[in-house]
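Me: I would like a close look at a single part of this model. Please start with the whole, so that I can find my way. Then zoom in and stay there.

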Amino acid sequence: MADVFIVSNRIEVEADRAELFEKVFIDSMRTTLEGVPGLHRVTLQKPARPGLPYISTMEFDSPADFQAWLSSDSFKASHSDDQAEGMQAPNAVELHTLIENIAF
């Protein structure tokens, strides 16, 4: 299996801000991430119950592709408006390498 480097971002969003956060975040994903080298999949996951964070994931070919994105125009564009909904929200980034993927 080819390596997959996964970046997860847990984002705490207040319930009364959730709808606007989703729109802003999804619009940013759709307009700034297409064509990023080594990036194959991006998700935004809504919490199943109140009090849990949103989770966004990005799947890269390698840690080097992720590091390159951090200094890219795409990264700058997706993080340029620090007043956009969710940009001030508490978050935690986690980095992982996929070791198994089973699809049924």
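Reply: What follows goes from the whole chain to one loop residue, and then to a few other places for contrast.

Keep in mind that this is a predicted model. The protein chain has 3 helices and 4 strands. Read along the sequence, the order is β-α-β-β-α-α-β. Is the fold as compact as a globular protein of its length? Compare two numbers to find out. The radius of gyration is 14 Å, and the globule rule gives 13 Å for 104 residues. The two values are close, so the chain is as compact as a globular protein of that length. Along its principal axes, the C-alpha trace spans about 40 × 35 × 20 Å. Of the 104 residues, 32% are buried. Now take the contacts in the chain with a separation of 6 or more: residues 24 or more positions apart account for 65% of them.

Now zoom in on G38. Where does it sit? G38 lies in the loop between helix 1 and strand 2, the strand of residues 39-45. Is G38 buried or exposed? Its relative accessibility is 16%, and the cut-off for buried is under 20%, so G38 counts as buried.

Which residues does G38 touch, leaving out those up to four places away in sequence? They are E59, F60, D61 and D65. Take D61 from that list. D61 is 23 residues from G38 along the chain, yet the two C-alpha atoms are separated by 5.0 Å.

Follow the chain on to P63. P63 is found in helix 2, which covers residues 63-70. P63 and G38 are 25 residues apart along the chain, and 9.5 Å separates their C-alpha atoms. P63 is partly exposed, because its relative accessible area of 42% falls between the cut-offs of 20% and 50%.

For contrast, look at E19. E19 sits in helix 1, residues 18-32. At 71% relative accessibility it passes the cut-off of over 50%, so E19 counts as exposed. E19 and L44 are 25 residues apart in sequence, and their C-alpha atoms lie 13 Å apart in space.

Go back to F60, one of the residues that G38 touches. F60 belongs to an aromatic cluster, together with F5, F66, W69 and F75. The count of aromatic pairs comes to 7.

One last stop is the second largest pocket. Its volume is about 200 Å³. How many residues line the second largest pocket? The number is 13, and V13, A15, P47, P50 and L52 lie nearest its centre. By class, that lining has 8 nonpolar, 1 polar and 4 charged residues.

To sum up the close look: G38 is a buried residue. Its place is in the loop between helix 1 and strand 2. Across the sequence, it touches residues including E59 and D65.

Note on methods
Residues are numbered from 1 along each chain as its sequence is written. This is a predicted model: local features need pLDDT of at least 70, side-chain atom pairs count only at pLDDT 80 or more; totals for chains, interfaces and linings use all residues. Side-chain values use heavy atoms; hydrogens and water are left out. On a 1 Å grid over the protein atoms alone, a cavity is a set of points where a 1.4 Å probe fits but cannot get out, and a pocket is an open set with protein on both sides within 12 Å along at least five of seven lines; lining residues have an atom within 4 Å of a point. Grid points are joined across faces, edges and corners, and a volume is the space filled by probe spheres set on the points. Ala, Val, Leu, Ile, Met, Phe, Trp, Tyr, Cys and Pro count as nonpolar, Asp, Glu, Lys and Arg as charged, and the others, Gly among them, as polar. Rings of Phe, Tyr and Trp (its six-membered ring) pair if their centres lie within 6.5 Å; planes under 30 degrees apart count as stacked, over 60 as edge-to-face and the rest as tilted. Helices (H or I, at least four residues) and strands (E, at least two) are DSSP runs, numbered from the N terminus. The radius of gyration is taken over C-alpha atoms; the globule rule is 2.2 Å times the number of residues to the power 0.38. Buried means under 20% relative accessible area, exposed over 50%, partly exposed in between (1.4 Å probe, protein chains only). Contact means heavy atoms within 4.5 Å.
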